[in-house]
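User: I'm new to reading protein structures and could use some help with this one. Can we go through it together, one question at a time?

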Amino acid sequence: MVVLAKVRLLSANRRVVRGVEGLWIYRLLTRVEPEVYGSKLAYVLVEESDSPLVRELPERRQALLDEAVEVARALSPANPYREKVLQRALAARARLMP
């Protein structure tokens with residue numbers, strides 16, 4: 001599965017693969033290389049939380065944002081993208097709260 005995810009990632013020929021496919025790829029790859037793919041997973045989770053598929057599903061949006069915060073917090077403080085994706089995830093989660 002990891003090889004398939006890497007093939008899809010390379011064949012996408014984009015900096016960040018978005019949507020359901022991106023979630024699948026980055027969730028899988030973050031398990032094996034969290035410092036490499038975790039920031040992209042957090043980014044895509046926040047992006048997907050505002051997609052038309054879940055915009056009217058507050059529980060699902062909350063779950064995606066909680067996962068984004070968890071993934072971003074798990075990154076090493078030395079990771080150059082940690083603060084940026086963590087702040088983005090926290091801000092999106094705060095906007096969701098009434």
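User: Let's start with Glu67. Is Glu67 buried, partly exposed or exposed?

Analyst: Keep in mind that we're looking at a predicted model. Buried would need under 20% relative accessible area, and exposed would need over 50%. Glu67 comes out at 22% relative accessibility, so its label is partly exposed.

User: Which residue does Glu67 meet in a salt bridge?

Analyst: For a salt bridge, you want a side-chain nitrogen of Lys or Arg within 4 Å of a carboxyl oxygen of Asp or Glu. The N to O distance for this pair is 2.7 Å. The partner, with a relative accessible area of 24%, is partly exposed. The residue that meets Glu67 is Arg27.

User: How many residues apart are Arg27 and Glu67?

Analyst: Just look at where each one sits. Arg27 is in helix H2, while Glu67 is in helix H4, which covers residues 58-74. That pair links distant parts of the chain, and the separation is 40 residues.

User: Where does Arg18 sit, given that Arg18 and Glu47 are a pair linking distant parts of the chain?

Analyst: The side chains of Arg18 and Glu47 meet in a salt bridge at 2.9 Å, N to O. Glu47 belongs to helix H3 (residues 34-49), and its partner is 29 residues apart from it. As for exposure, Arg18 has a relative accessible area of 40% and is partly exposed, and Glu47 is partly exposed too, at 24%. Arg18 itself sits in the loop between H1 and H2.

User: What about Glu21 and Arg8: how far apart are their closest N and O atoms?

Analyst: The cut-off for a salt bridge is within 4 Å, and Glu21 does form one with Arg8. The closest N and O atoms of that pair are apart by 3.9 Å.

User: Which helices hold Glu21 and Arg8?

Analyst: These two are 13 residues apart in sequence. Glu21 is partly exposed at 34% relative accessibility, and Arg8 is partly exposed at 35%. Glu21 lies in residues 19-32 and Arg8 in residues 2-12, so their salt bridge ties together helices H2 and H1.

User: How many salt bridges are there by this rule?

Analyst: We've met a few pairs already, and there's also a network that links Asp50, Arg55 and Arg61. By the rule we've been using, the count comes to eight salt bridges.

User: Moving on to helix H4, what covers its buried residues?

Analyst: H4 has 17 residues and reaches 24 Å from its first C-alpha to its last, close to the 24 Å expected. Its buried residues are Arg61, Gln62, Leu64, Leu65, Ala68, Val69, Val71 and Ala72. What covers them includes H2, H3 and H5.

User: How far apart are the end C-alpha atoms of H5?

Analyst: H5 runs over residues 82-96, which makes 15 residues. At 1.5 Å a residue, the helix should span 21 Å. The model agrees with that, since its end C-alpha atoms are apart by 21 Å.

User: Why do the buried residues of H5 end up on the same side of it?

Analyst: The buried ones are Arg82, Val85, Leu86, Ala89 and Ala92. An α-helix has 3.6 residues a turn, so residues three or four places apart point the same way. The buried residues of H5 are on the same side because they cover an arc of only 135° around the axis.

User: What do those buried residues of H5 pack against?

Analyst: Picture H5 with two faces. The face turned away from the buried side carries the exposed residues Lys84, Ala94 and Arg95. The buried residues of H5 pack against H3 and H4.

User: Which helix gives the most to the lining of the largest pocket?

Analyst: About 270 Å³ of space lies in that pocket. Its lining includes Arg15, Ser39, Tyr43 and Arg88. H3 and H5 each supply at least two residues, but the one that gives the most, with four residues, is H3.

User: Which residues does Ser39 touch, not counting those up to four places away in sequence?

Analyst: Ser39 lies in helix H3 and is buried, with a relative accessible area of 8%. Leaving out residues up to four places away, Ser39 touches Leu75, Tyr81 and Val85.

Technical notes. Residues are numbered from 1 along each chain as its sequence is written. This is a predicted model: local features need pLDDT of at least 70, side-chain atom pairs count only at pLDDT 80 or more; totals for chains, interfaces and linings use all residues. Side-chain values use heavy atoms; hydrogens and water are left out. Buried means under 20% relative accessible area, exposed over 50%, partly exposed in between (1.4 Å probe, protein chains only). The expected span of a helix is 1.5 Å times one less than its number of residues. The arc is that of the directions from the helix axis to the C-beta atoms. Contact means heavy atoms within 4.5 Å. On a 1 Å grid over the protein atoms alone, a cavity is a set of points where a 1.4 Å probe fits but cannot get out, and a pocket is an open set with protein on both sides within 12 Å along at least five of seven lines; lining residues have an atom within 4 Å of a point. Grid points are joined across faces, edges and corners, and a volume is the space filled by probe spheres set on the points.
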